[in-house]
Amino acid sequence: MNGWVGTSLKVGAVFFSSIALLGADNGRKDEDGPIPLTVPKAVCGPHDNPEIALQGQVPAALRAAGFKGFHCNLELLGQSKGDGANWQTTQFKQRSRDDGDDDDDDGDRNGEHGNKHTRVCGYHGTASPTRSLPGRTNLGVPVLDLTDWKNPTPTTYLNTTSMLDPWESLKVNERRQLLAADNGANGAGGPEVDIYDISDDCRFPQLLASVKVGTGADGGGVVTPIIGHEGAWAPDGLTYYGGGRTVPNNYYAVDTSDATKPKLLSTWFVPRVGTGARTHGLSISDDGKRGYFVSIGSITPTTLTDPNVAANNGLVIYDLSDIQARKPNPQPKVIGEVYWKDGATAQHTIPVKIKGKSYIIFVDEGGSGGLSSAAQLAAACAAGMPPFPMARIIDINDERHPTIVSRLMLEIHDPANCASVIPDLVGLTTFTYGSHYCSVDDRDHATTLACGYFNSGIRVFDIRDVDHPKEIAYYNPAGTTTPSAGSNHVRAGGWVAGSADWCSAQVHLDKKAGTLWTTCQDNGLLMLKFTNGAWPLPSSHTPPGKQN
């Protein structure tokens, strides 16, 4: 060991909402009047390079000329481009064993060189070997020492089966100091789950297991096909949950109480699987007894406005007590559901407390009618619905009746602006503008939401007033002129030289340093510092393991 340590029954009513039918606030008002359709724009400083058109827009002319980037209240401190990145990031903060400071917020006060008592390690995915450009030599998950914000440094690469392309499953568990992923290669890999120990030196994870689960050989007694894609830990580190890509998609729970011998415990389908709903991201309550799982909708451009086709994209709240208690043949029980048509391809959730009340941050990766295409954009705009995905805040204080409170829409989301933004996207498909992954500063006392909004870059919001979230900063990196060998942006309908990047990953905030880090797929890992006093907010905190 070295001198560092880790910090450590009844279905509720189902609701349907659509901006086209109910308005941006589902008809709600508060003492300050109607809930705004789009969030107020960030107020930039005198030395910023702000957006020149709509909020979130990179106009076609700028793309064609070579996009130079926008920034507002954020500036670049350091970068590790490497071979680029793909879908997500995770981090671990490791303290010196002689550090007596019990403050959970780490970093130095000027936000440039980290804290001598805290080592920060970052991990992110890259494209699989079969989807990488020729000539890549460092395949798999890069491990980076992020302690010096100005000099993020790769230390090793993880290239066991699941780590070659973890897709959206790469996660750290703070309590047990473990790093895990399932085999999500190219979005649908196989049954493997890989687990690493990061407790000794997070710069050099040690392999504990790379095991096929659900085959009968794992010792779990549950035999069913598993194909990896998404995944997340229960906070106690005793269960790893996956959102798989079998047909039909299943969610699954893996017992990791012995991290060297993961074994399958249970599998199940979302409630509306019969209508084409599928699985994706998820999050688990601190006590492990509640699960906040997404249901990917199957609404298409042709069924978007069909009143006979019900929404199936949304949130499902499960009682996971049987799994947490390790009862025989454990099965989750649905508590509440809420669905909508003004977003699609549900991505992930974050359970948070804001001013003592319980909410879910919910993020879609598809706009109204599905992933981005000419037909989808035309259908959404014709219906007066947002063409791009967004984050939204859902009130779950009544678990059986979850209710959408607000949506974090930019001006590019407003269907009234379709004619201005659609020309930017000619020849581009799947992901263009809009959300993918978000993080908060502190799940227990959330004040800040930071998101990757694909072509719109990194967006940071003040969410202390859940009815009136507002933007406080953004950073949209310059377009690259050569493709990144390990980026999933390099595909048909994707990367174009000089055009906007895909910023798709979780964002990691640091209160004391006044910084954040994340990845964008072409530019790789970016270390950013807040400027102009935009953040931290007065009540912000960033305890390790509490961001997503």
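Here's a quick briefing on the chain as a whole and on strand E12 with its two partners. Bear in mind that this is a predicted model. The chain is rich in strand entries, with 33 strands alongside five helices. Of its 548 residues, 63% are buried.

**The whole chain**
- The accessible surface adds up to about 18500 Å².
- Carbon and sulfur atoms account for 53% of that surface.

**Strand E12 and its cover**
- E12 spans residues 178-182, and since five of its five residues are buried, the strand is largely enclosed by the rest of the structure.
- That cover reaches both faces of E12.
- On one side sit Leu178, Ala180 and Asp182, all buried.
- The other side carries Leu179 and Ala181, and these are buried too.

**The E11 side**
- E11, made up of residues 171-173, pairs with E12 in the antiparallel sense, with three bridges between them.
- Asn173 has Leu178 of E12 as its bridge partner, and Leu178 is one of the buried residues mentioned above.
- E11 and E12 form a hairpin with four residues between the strands.
- Watch Gln177 in that hairpin: its phi is positive, near 55 degrees.

**The E13 side**
- E12 also runs antiparallel to E13 (residues 192-197), and five bridges join the two.
- Leu179 of E12 stands opposite Tyr196 in E13, and Leu179 is buried as well.

Notes: Residues are numbered from 1 along each chain as its sequence is written. This is a predicted model: local features need pLDDT of at least 70, side-chain atom pairs count only at pLDDT 80 or more; totals for chains, interfaces and linings use all residues. Side-chain values use heavy atoms; hydrogens and water are left out. Buried means under 20% relative accessible area, exposed over 50%, partly exposed in between (1.4 Å probe, protein chains only). Accessible areas come from the Shrake-Rupley method with a 1.4 Å probe; for residues, only the protein chains shown count as cover. Two strands pair if DSSP finds at least two bridges between them.
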